Amino acid sequence: MRLPGLLCLLLLFVVQHSQLLRAEELQGPISESASATETATATKSEEISTADKDKESPPVDAASNDRKAAKLKDAEFAPRTKVMPAALFERLWNDSLMKQQKLKAQIEAIEAEQPQVEAELTPEQLEAQSLFDNAMEILSKPRTDKRVAFTLLRKAAAFNHAKARAEVAWAMLLGLWMPFDFQQAAEEFERLAIDGLPEAHAGLAFLYSVGVGGKNVSQPLALIHYTLAALGDNTLAQMAMGYRYLYGINVPISCEKALIQYKRVARKVASKVTFANGPVVHRVRLLDELENPGSHETEIVDYYQLLADKGDVQSQVGLGQLYYQGGKAIQQDHQKALEYFTLAANAGNAIGFAFLGKLYLEGSEQIKADNETAFKYFSKASEMGDPVGQSGLGLMYLKGLGVPKDSIKALSYFTQAADQGWVDGQLQLGNMYFTGNGVKTDYKLALKYFNLATQSGHVLAYYNLGIMHAYGMGMLRSCPAAVEFFKNVAERGRWSSRLMHAYNDYKQNRIDEAYMHYALLAEVGYEVAQSNAAFLLDREEVHVFNDRHEDLIRAFYYWKRAAGQGYSAAQVKLGDYYYYGWGTKTDFETAAALYRKASEQQYNAQAMFNLGYMHEQGLGMKKDWHLAKRLYDLAAETNSDAKVPVAIALFKLQMLAKIESIKESPYRFIFYMDENIAANWDLYLITILTLLLGIIMYARRPFQQPEQQVAQQPAAPQVHDMAAVPVNAAPAAEATGATGGAAAADAIVAAAAASESTAAASASTATTTASSTTGSSSSPAPGTSSNTLDPTD
């Protein structure tokens with residue numbers, strides 16, 4: 001309220017001052033109104049004396065009278081025009097002074113009422129505020145029991161503490177240490193939003209954007225509540241509004257409005273950054289982890305811990321750094337970091353000394369800050385040429401921490417550390433040149449060192465570059481660049497720990513809880529959260545909505561937002577959604593454009609393969625087999641995992657090329673079959689395959705050895721009566737078995753069909769052969785003749 005009033009007064013003063021200057025240019029400065037009155041009196045006396053002279057003078061013509069009348073009129077109105085600006089300025093100035101005094105009185109009255117409101121708090125309200133403060137302090141620390149914090153929040157909410165009620169509602173919405181209750185959370189947010197609580201407006205905006213808690217998806221309502229929450233200085237709402245203005249989500253694209261929102265959040269983050277640069281937050285993309293599963297980080301940590309316990313100094317330093325900053329497999333623990341750095345320092349390691357100095361300079365829950373001890377360890381590390389120790393000494397001399405302030409020594413130590421590539425030295429050296437602290441201000445050198453520090457990901461370096469681009473300090477002003485830097489800083493706030501919380505929920509198979517966290521962070525612009533939320537919906541692992549069609553629509557929009565921020569895998573997935581028509585209409589051209597963008601900008605092998613297939617089939621673009629082969633080859637060169645599918649695709653492409661060549665040859669009549677054959681091609685194909693299978697089975701049947709040829713039995717002479725059969729035929733058949741009996745029967749039939757003379761000779765030959773083959777078993781019985789009966793008997 002104070003700012004608009006001051007602006008109005010300033011504008012009014014400028015207008016009045018310009019009027020006054022204009023009057024002075026025309027007639028000179030006006031000192032007093034009395035001088036103007038004297039001038040008017042003198043003029044009037046002159047007018048009177050002139051009139052008397054006119055009376056005494058002889059008469060003149062009419063033209064001269066008109067000229068005199070005009071001169072008298074000008075002389076009459078000239079003094080009035082000189083007096084009016086002064087009077088107007090005096091009046092406006094008095095009015096502005098009265099308004100300013102009135103505004104000042106109102107501000108003093110409001111400030112005087114604030115302590116009275118605090119003094120009027122009841123004992124219950126004071127207890128609720130104390131419970132809320134304790135709970136938020138527990139939640140802000142990394143290694144604390146969060147269940148205790150939410151127990152305190154519920155007690156504070158029972159005393160009707162507004163912010164505690166909002167925190168409990170958020171916990172019910174996200175599944176934080178309590179079961180889901182979307183409906184109860186929505187009702188609580190609505191009751192609190194009536195009182196104008198920013199956290200409640202942010203909760204309602206999230207509900208309307210996601211579509212849970214009995215709320216239908218309504219982006220206009222979500223936008224209204226995000227705006228109200230951002231005006232109430234809610235951090236997540238400010239990030240959400242900045243993201244929407246940056247990418248034009250339900251609002252016109254406005255870089256300047258996005259800059260305002262992100263700059264506010266970045267200022268909060270930069271003010272909380274410590275010497276340790278904050279805990280490291282790993283942004284795990286579930287899609288990348290599924291496609292490229294890495295080694296188990298826990299096993300690697302166990303391996304390094306084994307080496308460290310055996311006295312390996314490098315392993316001790318590595319574990320100390322992991323526990324100092326925290327990571328994916330290890331939570332931040334400065335006490336364990338102190339133990340491992342102490343072991344390394346005892347072995348004479350410079351890095352161990354340097355990080356011990358950082359631990360004692362900054363202090364933590366487990367370690368009390370001690371500038372004297374920090375200076376001792378930094379000095380030892382600096383003597384050994386370690387850049388971390390040099391940077392630590394420079395910081396102590398720059399800020400006078402335990403030592404007298406000395407900008408010259410600080411500059412020297414920072415320069416030594418920066419020359420060795422240490423990020424803190426580069427940052428602090430850039431700050432000195434940026435602010436002119438101990439050196440002459442030089443924006444070009446500040447820009448150089450800030451850029452070097454951003455290569456190591458320092459938060460403050462991003463923030464300072466954002467300031468320089470936002471105000472055009474040492475360069476041309478660039479709103480997009482400033483927004484990019486401020487967005488990077490904003491996404492490194494303490495709320496980014498929700499990413500690790502969601503990932504842990506996913507690993508523990510708490511998919512719905514993980515999805516709600518990812519959905520919240522996706523609203524405020526985290527690209528990794530957008531892709532992970534889409535990934536969970538795409539795999540049908542989320543059971544919040546229980547509608548596959550709605551899941552695909554939501555996944556489509558999440559993939560679209562992640563692809564808009566440059567994630568190549570999301571661009572490929574979005575192309576798949578356009579290709580198959582999942583959650584949207586089928587659009588081959590858009591799918592091809594997305595595949596091309598991912599292949600050209602990010603060299604994505606999957607995008608190259610998909611684009612080659614679309615060129616092969618002519619989907620959304622002109623059919624071009626040569627270009628398809630080129631894209632297949634590029635996919636195989638880019639990623640070795642693509643070699644097998646690329647080989648299959650190239651074989652298929654060669655077969656299609658052969659078929660096309662046959663169609664242009666004299667044998668093209670094969671492809672011009674009649675409609676009946678073409679309609680039942682599958683039946684003919686099955687028949688051909690069956691015949692081929694039969695031929696293969698026949699060719700691969702097991703080989704059988706041929707049996708020994710058995711002599712035929714003697715044939716009987718040609719007779720017309722069965723009594724003419726030789727007497728020894730039956731014993732011969734019994735002796736030879738089945739084979740011999742068959743041979744004898746064949747001989748008898750043959751003998752009956754032959755002539756008489758020929759039959760007798762054949763029978764004699766057969767009898768002789770059978771006798772020699774069967775041996776003793778076929779010899780005639782005693783008392784019988786060994787010869788056949790004479791047919792003439």
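Here are a few numbered points to help you find your way around this predicted model.

1. Start with the overall make-up. The protein has 793 residues, and 39% of them count as buried. Its secondary structure comes to 36 helices and zero strands. Among contacts between residues at least 6 apart in sequence, 55% join residues at least 24 apart. The protein exposes about 45900 Å², with carbon and sulfur atoms supplying 56% of that area.

2. Next, look inside. The largest nonpolar core has 151 residues, and Leu173, Tyr515, Tyr518 and Leu536 have the most contacts inside it. Apart from this core lies another, of 20 residues, which includes Ala308, Leu319, Tyr340 and Tyr377. In soluble globular proteins, nonpolar side chains tend to be buried together.

3. Helix 17 is a good one to follow from end to end. Its 13 residues, 371-383, should span 18 Å at 1.5 Å a residue, and the end C-alpha atoms are indeed 18 Å apart. At the start of the helix, a side-chain oxygen of Asp370 comes within 3.2 Å of the backbone nitrogen of Glu372. After the helix comes Gly385, with a positive phi near 80°.

4. What does helix 17 pack against? Its buried residues, among them Thr373, Tyr377 and Phe378, pack against helix 16 (350-362), helix 18 (387-399) and helix 19 (407-419).

5. Now for the charged pairs, with 20 salt bridges in the count. In one of them, Arg165 and Glu188 meet at 2.5 Å, N to O. Arg165 belongs to helix 6 (residues 162-174) and Glu188 to helix 7 (residues 182-194), so the pair ties together parts 23 residues apart in sequence. Both Arg165 and Glu188 are buried, and a network of salt bridges links these two with Arg191.

6. A further salt bridge joins Glu491 and Arg283, whose closest N and O atoms are 3.3 Å apart. This pair links distant parts of the chain, 208 residues apart: Glu491 is in the loop between helix 23 (479-490) and helix 24 (497-507), while Arg283 is in the loop between helix 11 (255-272) and helix 12 (286-291). Glu491 counts as buried because its relative accessibility is 7%, whereas Arg283, at 37%, counts as partly exposed.

7. Finally, a pair within one helix: Lys629 and Asp633 form a salt bridge at 3.0 Å, N to O. They are four residues apart in helix 31 (residues 625-638), so about one helical turn separates them. Lys629 is partly exposed at 41% relative accessible area, and Asp633 is partly exposed at 26%.

Methods. Residues numbered from 1 in each chain as written. Predicted model: local features only at pLDDT ≥ 70, side-chain atom pairs only at ≥ 80, totals over all residues. Heavy atoms only, no water. Core = buried A, V, L, I, M, F, W, Y, C linked by side-chain atoms within 4.5 Å. Buried < 20%, exposed > 50% of the residue type's maximum accessible area, 1.4 Å probe, protein only. Helix = DSSP H or I, 4+ residues; strand = E, 2+ residues; numbered from the N terminus. Contact = heavy atoms within 4.5 Å. Areas by Shrake-Rupley, 256 points an atom, 1.4 Å probe, with all protein chains shown as cover. Expected span 1.5 Å × (residues − 1). Polar contact = N/O pair within 3.5 Å; in protein donor to acceptor, adjacent residues only side chain to side chain. Salt bridge = Lys/Arg side-chain N within 4 Å of Asp/Glu carboxyl O.
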